[in-house]
Every structure is written in structure tokens, then in C-alpha cells.
Amino acid sequence: MSELILELKGVDMQFGGLKALSNISMSVRRGEFIGIIGPNGAGKTTLFNAISGVIPPTAGEVRVAGRPMQGRAPNDYCKLGVARTFQTPRIFPDMTVRDNVRFAHTFGNASGQGIELIEQVMHAVGMAGASNETAGAMPPARQRQLEIAMALATSPRLLLLDEVAAGLTEGEVEEVARLIQQLRGDYDLTVVWIEHAVKTLMKTVERVAVLNFGELIADGTPEQVAADQKVIDAYLGEEEAA
Ligand SMILES: Nc1ncnc2c1ncn2[C@@H]1O[C@H](COP(=O)(O)OP(=O)(O)OP(=O)(O)O)[C@@H](O)[C@H]1O
């Protein structure tokens, strides 16, 4: 069996009276490409926060590359090769694209890859020509691309993408999907991708996990998940009608 890069066991996230994640258990093998779908407020971003140590879970266990992550600092996640993007890009708006990527490389590149990685990742996401642009002046879709470049500059093994295709046209979403596929191969990544663009996501990923009201209601191949009545009732019926 191939190596498990991520394991969740009985993960809960309690926000006061709200249980945003409830007893989530799932594993991700090295090299897998997984999509996470579910209605608004289902707990998808909260799951990323739990996996990346941004908001550690209130119960249960997260393991990255076999190591228990409880009590670890965000830097430890980076050292173990976890990188993520945010729904609202977290970039330095007054800095240029290159300086943003350079920052990520300097402070997050635990495996010590040389500075040539900076130009390489900008090229990989199609931003080589924009390296001197001010990051905050770019449209949101470009800022998300920049965030992907920043994530890549940390030399990740596990890349968590949170709605990197939000607000794009169907054609653009397809382009993003192709880019992620390409990066996955080129950088030997395990990818977990949260996205509402279900049609493209289902065609792209190998496995889909579905959250609803903080519970994992399905986890399987896109075909299995698309045929699952619980998923259709909770999400897909509504998406198709939209
Ligand atoms: N830091 C927090 N404090 C309190 N409640 C939170 C916090 N973060 C998320 N929540 C709540 O947890 C629930 C899950 O939110 P989350 O953002 O994970 O959903 P989501 O599936 O990512 O939704 P969307 O598709 O709209 O991005 C929501 O009810 C949200 O309001």
C-alpha cells in the first residue's frame, strides 16, 4: 500500500454551539488527487484549517506523513510539506508578484531548494510575464494564481487548494483544472481541491469527498459520488438546478 500522507481520525471542530466538523475520518495516499465538495457552510474550509493547523481541531487526530500534529506550530506543517491557498488570497498586496513568491520561498522552503525555484514556479503558473506587477492591483483570479505559485515555492508535498477557480467562467475553470493536473505531475504533489465548479472537478479528480453540515456523507470515485442519493439530495440536485 502506498504511503499515507494525511490521516484524519474522528476530527471535530466545535465553534461555541456549532459543530462545524463532526467525527471526520479519512486518509489520503501520496499522489492522490481529491476533490472536496458540499453546500455553503458545510465545513470544507474548516477542514482545511484543521488539516493545515490554522485552527486545530477541538477533538480527534490529524497526522501528516504519519506524524501526529497536535500542538504543532504552523511552521511544522510547512516543514512536513503542507501548503495551502485561501478562499480570499493571502498575499502581500503592496509587493510585486516576484517579491511575494520570494517571501514564500525564503520563509517556507523547508527543503532548501535554490532561488531558481522562484522563477520556475512563476513560469509554471503562467505568471512569468507579471513578475514585476503589484500583487494587490491584479484581479482576484490572478491573485489566486499567485497564491498557488507561493505555495509551490515552499516545495510542498501536500497542496490544499481552496476555491482557486471561484468566479471564473467555465472555460477558465477548465484551464485551472488543467494547470493543477500539470503541476501535480511536475511537482509530484498530492492535491486536495475544494471547489464549487462540480462538473469540471468531477472530470479532473480521482476521488471526491462530500461534506454536508460538517459530516462526511460520501467518499469515493466521481462516478460513485455522482450516483449517491445522499449527495444528490444534499448538493448535486441543487447545483444542477442552478
Ligand atoms: N472561525 C470560526 N468561528 C466560528 N464559526 C466558524 C468559523 N469558521 C467557520 N465557521 C462556521 O463553520 C461552518 C462551516 O464553515 P466553512 O467556511 O468551513 O464552510 P464551507 O463549506 O467552506 O463553505 P463555503 O462553500 O461557503 O466556503 C459555517 O457555519 C461557518 O459560519
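## Residues around the ligand

A residue counts as near the ligand if its C-beta atom, placed from the backbone, lies within 6 Å of it. In this predicted model, the residues around the ligand are F15, L18, A20, G38, N40, G41, A42, G43, K44, T45, T46 and Q87. By class, this shell holds 4 nonpolar, 7 polar and 1 charged residues.

Two elements, strand β2 (18-29) and helix α1 (44-52), each give at least two residues to the shell around the ligand. The largest share, 3 residues, comes from α1.

## The antiparallel sheet

One open sheet is formed by 4 strands in the order β2-β1-β4-β5, and its pairing is antiparallel. The strands β2 and β5 (67-68) stand at the edges with a single partner strand each, so one side of each has no neighbour in the sheet.

Strand β1 (residues 4-15) pairs with β2 in the antiparallel sense over 8 bridges. Within this sheet, L4 has R29 in β2 as its bridge partner. Helix α1, which also contributes to the ligand shell, lies across β1, β2 and β4 (59-64). The helix runs at about 60° to β2.

## The mixed sheet

A further open sheet consists of 6 strands in the order β6-β7-β8-β3-β9-β10, with mixed pairing. Here β6 (82-84) and β10 (215-220) are the edge strands; each has a single partner strand, so one side of each is left without a neighbour in the sheet. From one strand to the next, the twist averages 15°.

Strand β3 (residues 33-37) has parallel pairings with two strands of this sheet, β8 and β9. With strand β8 (residues 190-194), the pairing of β3 runs over 4 bridges, and I36 stands opposite I194 in β8. With β9, the pairing of β3 also runs over 4 bridges, and I37 has V210 in β9 as its bridge partner.

## Helix α1 and the two sheets

Helix α1 has contacts in both sheets. On the antiparallel sheet, α1 lies across β1, β2 and β4. On the mixed sheet, α1 lies across β3, β6, β7 (158-162), β8 and β9 (207-212). Relative to β7, α1 runs at about 150°, while relative to β2 the angle is about 60°.

## Helix α3 with helix α5

Two packed helices are described by the angle between their axes and the distance between the axes. For helix α3 (residues 97-108) and helix α5 (residues 140-152), the axes come within 8 Å and cross at roughly 35°. This crossing of α3 and α5 is right-handed.

On the α3 side the contact involves V97, N100, V101 and A104, which meet L146, A149 and M150 in α5. These residues divide into 6 nonpolar, 1 polar and no charged.

## Helix α3 with helix α4

Helix α3 also packs with helix α4 (residues 116-124), where the axes come within 10 Å and cross at roughly 125°. The helices α3 and α4 are therefore oblique to each other. Their crossing is right-handed.

The contact is made by V97, R98, V101, R102 and H105 of α3 together with L117, I118, V121 and M122 of α4. By class, the contact of α3 with α4 contains 6 nonpolar, 1 polar and 2 charged residues. V97 and V101 of α3 take part in the contact with α5 and in the contact with α4.

How values were computed. Residues are numbered from 1 along each chain as its sequence is written. This is a predicted model: local features need pLDDT of at least 70, side-chain atom pairs count only at pLDDT 80 or more; totals for chains, interfaces and linings use all residues. Axes are lines fitted to C-alpha atoms, for helices over the stretch in contact, and angles run from 0 to 180 degrees between N-to-C directions. A crossing is left-handed if the near helix is turned anticlockwise from the far one by less than a right angle, and right-handed if clockwise. Two residues are in contact if their C-beta atoms, placed from the backbone, lie within 7 Å. Ala, Val, Leu, Ile, Met, Phe, Trp, Tyr, Cys and Pro count as nonpolar, Asp, Glu, Lys and Arg as charged, and the others, Gly among them, as polar. Two strands pair if DSSP finds at least two bridges between them. Angles under 35 degrees count as roughly parallel, over 145 as roughly antiparallel, 65 to 115 as roughly perpendicular and the rest as oblique.
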